Structure formats: C-alpha cells, structure tokens
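Here are some exercises to work through with the structure open beside you. Try each task on your own before reading its solution.

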Amino acid sequence: SRLDNKETKWNMKPIDVSTILKNVIKKMDVNIKRKGQTIKANIPEELPEVFADNDKIEQVFQNILSNAYKYTPEGGKIYIDVEYAEKMVKVTFKDTGVGIPKEDLPRIFERFYRVDKTRSREMGGTGLGLSIAREIVQAHGGEISISSELGKGTSVIIQIPAISGQLVRTN
C-alpha cells in the first residue's frame with residue numbers, strides 16, 4: 001500500500017547489482033544446499049552501476065530467488081545470469097522447477113494471485129511478492145518479465161537501466 005500511495009521512501013544512489021546479488025545468494029545458499037539443489041551464478045567481474053535503492057533491489061532479488069527455491073524440487077537447479085546489454089543491467093533467474101501453466105502467466109503479477117491455491121497455502125506467502133517486485137522494478141525505470149513451461153521451469157528477467165556504459169569492477 002505504501003507503493004500505491006507513493007509513500008515509499010527511496011534511497012536512490014549508484015549501486016552495484018553484483019554485490020547485492022552475491023549477498024542474496026549467500027543468504028539463501030544453506031537452504032538451497034539443504035534441499036539438494038544446485039545454484040550456478042554467472043556474474044561478470046565488471047558491470048556498470050545502476051541508480052537504485054539497494055534494499056528494494058535486494059528485496060526483489062530475494063523474492064525471485066526464494067520463489068525459484070520454493071518451486072524447484074529436491075535436486076533441481078537454479079541459474080542466475082547477469083549481463084549488460086543495450087544500456088540495461090539484465091539479471092536472469094532460471095530454474096528447473098514445476099513451472100507455471102500458460103493460462104496463469106498473464107495474471108502472475110496480480111496482487112494475491114496464486115497459481116496453485118492449495119500448494120501455495122502450505123508453502124506460505126501472501127501472493128504479493130511478484131506484484132511488489134514488479135512495482136519496485138518499474139519504479140527504477142526497469143522491466144520484469146516471466147516465461148515458464150509447466151514441468152520444465154521458469155525464467156524471470158529483470159532489467160534495470162545502467163547509469164552509464166562505464167564498467168565498474170564488482171569485486
């Protein structure tokens with residue numbers, strides 16, 4: 001509701017997407033390993049910075065990675081790719097999870113929308129994560145999109161405008 005009412009306090013500054021992503025992966029790593037999943041991250045050593053709110057972008061990445069973990073069975077794989085193209089820093093989360101039925105994809109960013117009402121209740125959550133993620137990404141002048149195939153997995157692509165084409169060392 002704070003996003004709706006334009007009451008969100010944004011702490012916008014130049015940030016390094018790679019560092020945020022590495023922190024989110026580190027936070028989730030124990031749970032991912034415990035579930036027998038593997039995570040493979042392809043994060044370049046140099047990327048341009050984005051003008052963004054560090055905590056809000058971390059919230060988006062945390063939500064997307066958490067969904068990948070939640071909906072990918074034991075032994076599944078999660079891939080994260082980061083690249084810079086066409087003045088955008090592009091982060092792709094891809095999993096080998098249960099996938100989303102084609103008929104549900106158009107509504108996936110709606111508030112409280114849940115693909116499988118029975119399963120999602122037992123897994124927790126409010127059905128707000130993707131809606132909030134989209135609001136945050138759009139507030140940064142970016143885009144978020146999802147593609148999925150039932151039984152094969154899901155890909156979430158987040159693109160945020162880079163400040164400049166100048167690459168900054170991320171380590």
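The exercises below go from the overall fold to single residues, and they rest on a predicted model.

**Exercise 1. The overall layout**

Task: Find how many helices and strands the protein has, and in what pattern they follow along the sequence.

Solution:
- Step 1. Start with the tally: the secondary structure comes to four helices and nine strands.
- Step 2. Now walk along the sequence, and the pattern reads β-α-β-β-β-α-β-β-α-α-β-β-β.
- Step 3. Turn to contacts between residues at least 6 apart in sequence: 72% of them join residues at least 24 apart.
- Step 4. Finish with the surface. Of the 171 residues, 39% are buried, and the protein exposes about 9,700 Å², with carbon and sulfur atoms supplying 49% of that area.

**Exercise 2. The nonpolar core**

Task: Work out which residues have the most contacts inside the largest nonpolar core, and which element gives the most to this core.

Solution:
- Step 1. A general point helps here: in soluble globular proteins, nonpolar side chains tend to be buried together.
- Step 2. In this model the largest such core has 37 residues, and L21, F61, L65, F93 and I158 have the most contacts inside it.
- Step 3. Several elements give two or more residues to this core, among them helix 2, strand 5 (77-85), strand 6 (88-95) and helix 4 (129-139). Helix 1 gives the most, with seven residues.
- Step 4. Zoom in on L21. Beyond its neighbours within four places in sequence, L21 touches I43, F61, I80, V82, V91 and F93.

**Exercise 3. Helix 2 from end to end**

Task: Compare the expected span of helix 2 with the distance between its end C-alpha atoms, then list its buried residues.

Solution:
- Step 1. Helix 2 has 17 residues, and at 1.5 Å a residue it should span 24 Å.
- Step 2. The end C-alpha atoms lie 24 Å apart, so the two values agree.
- Step 3. At the start of helix 2, a side-chain oxygen of D53 comes within 3.0 Å of the backbone nitrogen of D55.
- Step 4. The buried residues of helix 2 are K56, I57, E58, V60, F61, N63, I64, L65 and A68.

**Exercise 4. Charged pairs**

Task: Count the salt bridges, and decide for K27 and E58 whether each is buried or exposed.

Solution:
- Step 1. Side chains of opposite charge can pair when their charged atoms come close.
- Step 2. With a cut-off of 4 Å between nitrogen and carboxyl oxygen, the count comes to four salt bridges.
- Step 3. One of them joins K27 and E58, at 2.3 Å from N to O. K27 lies in helix 1 and E58 in helix 2, so this pair ties together parts that are 31 residues apart in sequence.
- Step 4. K27 is exposed at 52% relative accessible area, whereas E58 is buried at 17%.
- Step 5. Another salt bridge pairs K90 with E83, the closest N and O atoms being 3.7 Å apart. K90 is partly exposed at 24%, and E83 is partly exposed at 37%.

**Exercise 5. A glutamine in a loop**

Task: Locate Q37 and decide whether Q37 is buried or exposed.

Solution:
- Step 1. Q37 sits in the loop between helix 1 (17-34) and strand 2 (38-42).
- Step 2. Its relative accessibility is 4%. The cut-off for buried is under 20%, so Q37 counts as buried.
- Step 3. The side chain of Q37 reaches the backbone oxygen of T72 at 2.6 Å.
- Step 4. Beyond its neighbours within four places in sequence, Q37 is in contact with I32, Y69, T72, P73, G75, G76 and I78.

Note on methods
Residues are numbered from 1 along each chain as its sequence is written. This is a predicted model: local features need pLDDT of at least 70, side-chain atom pairs count only at pLDDT 80 or more; totals for chains, interfaces and linings use all residues. Side-chain values use heavy atoms; hydrogens and water are left out. Buried means under 20% relative accessible area, exposed over 50%, partly exposed in between (1.4 Å probe, protein chains only). A polar contact is a pair of N or O atoms within 3.5 Å; within protein, one must be able to donate a hydrogen and the other to accept it, and residues adjacent in sequence count only if both atoms are side-chain atoms. Contact means heavy atoms within 4.5 Å. A salt bridge is a side-chain nitrogen of Lys or Arg within 4 Å of a carboxyl oxygen of Asp or Glu. The expected span of a helix is 1.5 Å times one less than its number of residues. Accessible areas come from the Shrake-Rupley method with a 1.4 Å probe; for residues, only the protein chains shown count as cover. A nonpolar core is a set of buried Ala, Val, Leu, Ile, Met, Phe, Trp, Tyr and Cys residues joined through side-chain atoms within 4.5 Å.
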